[in-house]
Amino acid sequence: MKVAVMGGGPAGLMAAEAAIAMGARVDLYDAMASVGRKFLLAGKGGLNLTHSEPFEKFILRYGSRQGQIQSLLAEFGPDALRKWARELGVETFIGTSGRVFPTDLKSAPLLRAWLRRLRQHGLAIHVRHRWDGWNETGALRFATPKGDRLVSADAVVLALGGGSWSRFGSDGAWVPLLAGRGVSIEPLKPANCGFDVDWSPHLRGRYAGHPVKPVVVAGITPEGIEFRQQGEFVVTETGIEGGVIYAISAWIRDEIGKTGTALLRLDLAPDRDASRLISDLSRPRGSRSMASHLQRRVGISGVKAGLLREYVPKKDFADPVLLGTAIKSLPVRLVAPRPLEEAISTAGGVPFEVLDGQLMIRILPGVFCAGEMLDWEAPTGGYLLTACFASGHAAGVGAARWLQSARDST
């Protein structure tokens, strides 16, 4: 049984491992000069493998796709992922936010140990092999530095990533290849991304790169339900980005798609209620400047003060009620998501509706899909990696079982 896996990220490597464990012979192909490049990038600031929150809350992070992702996580979820890392000699710990990290916070030792074990178990890795579809006889076609190459396989797992960070291999080049075979594809869209805001030249020039924290961002869903999310973001030259924005990026992106803009309201003083804020602002400021008054009485300075100046009319600064209301609910209008190439991840891709329960494309028997090329999305915090590992595991198991079934029926 020969399985060809396309893509050397977490989903592809996990698919290879799962298929090998079931007796398949696996060759893995990657367009880059080495595998796991985006995985290594994810570990630059500390590899967030998964999250420790209760499963019933964890699964909600996958939005409209939680039903499909739940079945994948039932077989290889957060606890299984931590156990798997431990078996590779990498212990993990739970941070104060509930996120799970390797004890050394690094991705490189984990990847090295994983690749060593995979090679010991027989995985053959072929780098600088860019998959270019199938030829007329059904052989896999690759572009390599030595010219085109044809490869035959009994089953195929596609784990080619989404469309962000193309320099690490996820460039979405597989979309026309599958569409050309009649597979329905949802357009790739940026997820966990920043958004453009029409800043004034002053705010852009003075505060680009400054973090806004702590802050609560609020908005209204299409159903009329208000949501509030606390965290932090960074003012950029083009708009805003950062953890609290990534957490609601799907809503922001879709709202902009429907109406042209998305309105967020910022609570710049989440630790004070409105009545206390207004009371503090009402105290006489004497000869102090308004900037000093804001900083001394309510702790508003720097970029937060800059945001107030950006949106609050000058005359309203003299009215504690109007100013306090603005601090607790400052309207910021977002006008566009940043380009797909800049996004941490992507939405869109191969919809679950064209796959069977083993992640096989129904109209392409023996071809399985995994990872970010599937149509799902989740916020950062370990949710992305967990689902990539889980879908890779499911696709690898599915490919091996499909081959066993085909062999048993002959």
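1. The note opens with Thr-50, which counts as buried because its relative accessibility is 0%. The model under review is a predicted one. In this model, Thr-50 is found in strand β3, which covers residues 50-51. The side chain of Thr-50 makes a polar contact of 2.8 Å with the side chain of Thr-386. Once neighbours within four places in sequence are set aside, Thr-50 is in contact with several residues, among them Phe-58, Leu-81, Arg-82, Val-100 and Thr-386. Thr-386 therefore appears both as the partner in the polar contact and in the list of contacts, given that contact means heavy atoms within 4.5 Å.

2. A second threonine, Thr-92, lies in strand β4 (residues 92-94). Thr-92 is also classed as buried, its relative accessible area being 14%, and the cut-off for this class is under 20%. The side chain of Thr-92 makes a polar contact with the side chain of Arg-82, at 2.8 Å. Residues up to four places away in sequence not being counted, Thr-92 touches Leu-49, Arg-82, Ala-85, Val-100, Phe-101, Pro-102 and Thr-103. Arg-82 and Val-100 are found among the contacts of Thr-50 and among those of Thr-92.

3. The next topic is charged side chains. The structure holds 20 salt bridges. One of them joins the side chains of Glu-353 and Arg-65, with 2.8 Å from N to O. Which parts of the chain does this pair tie together? Glu-353 lies in the loop between β19 (345-349) and β20 (367-369), while Arg-65 lies in the loop between α3 (55-58) and α4 (66-75), so the pair links parts that are 288 residues apart in sequence. Arg-65 counts as buried, at 11% relative accessibility.

4. A salt bridge within a helix is formed by the side chains of Glu-87 and Lys-83, with an N to O distance of 2.6 Å. Both residues belong to helix α5 (residues 78-87); because they are four residues apart there, about one helical turn separates them. Is Glu-87 buried or partly exposed? Glu-87 counts as partly exposed, at 47% relative accessibility. Lys-83 is likewise partly exposed, with a value of 45%.

5. The side chains of Arg-253 and Asp-254 also meet in a salt bridge, at 3.2 Å from N to O. Arg-253 is buried, with 7% relative accessibility, whereas Asp-254 is partly exposed, with a relative accessible area of 32%. Elsewhere, Arg-272, Arg-276, Asp-280 and Arg-283 are joined into one network by salt bridges that share partners.

6. The final point concerns the cysteines. A disulfide is a covalent bond between the sulfur atoms of two cysteines. How many disulfides does the structure hold? The number is zero. For Cys-193, the closest cysteine sulfur is that of Cys-388, and the distance of 17 Å is too far for a bond. Cys-193 is buried, with a relative accessible area of 2%. Cys-388 is in no disulfide either, since the sulfur of Cys-369, its nearest, is 13 Å away and the cut-off is 2.5 Å. Cys-388 is buried as well, with a relative accessible area of 12%.

Definitions and conventions
Residues numbered from 1 in each chain as written. Predicted model: local features only at pLDDT ≥ 70, side-chain atom pairs only at ≥ 80, totals over all residues. Heavy atoms only, no water. Salt bridge = Lys/Arg side-chain N within 4 Å of Asp/Glu carboxyl O. Helix = DSSP H or I, 4+ residues; strand = E, 2+ residues; numbered from the N terminus. Buried < 20%, exposed > 50% of the residue type's maximum accessible area, 1.4 Å probe, protein only. Polar contact = N/O pair within 3.5 Å; in protein donor to acceptor, adjacent residues only side chain to side chain.
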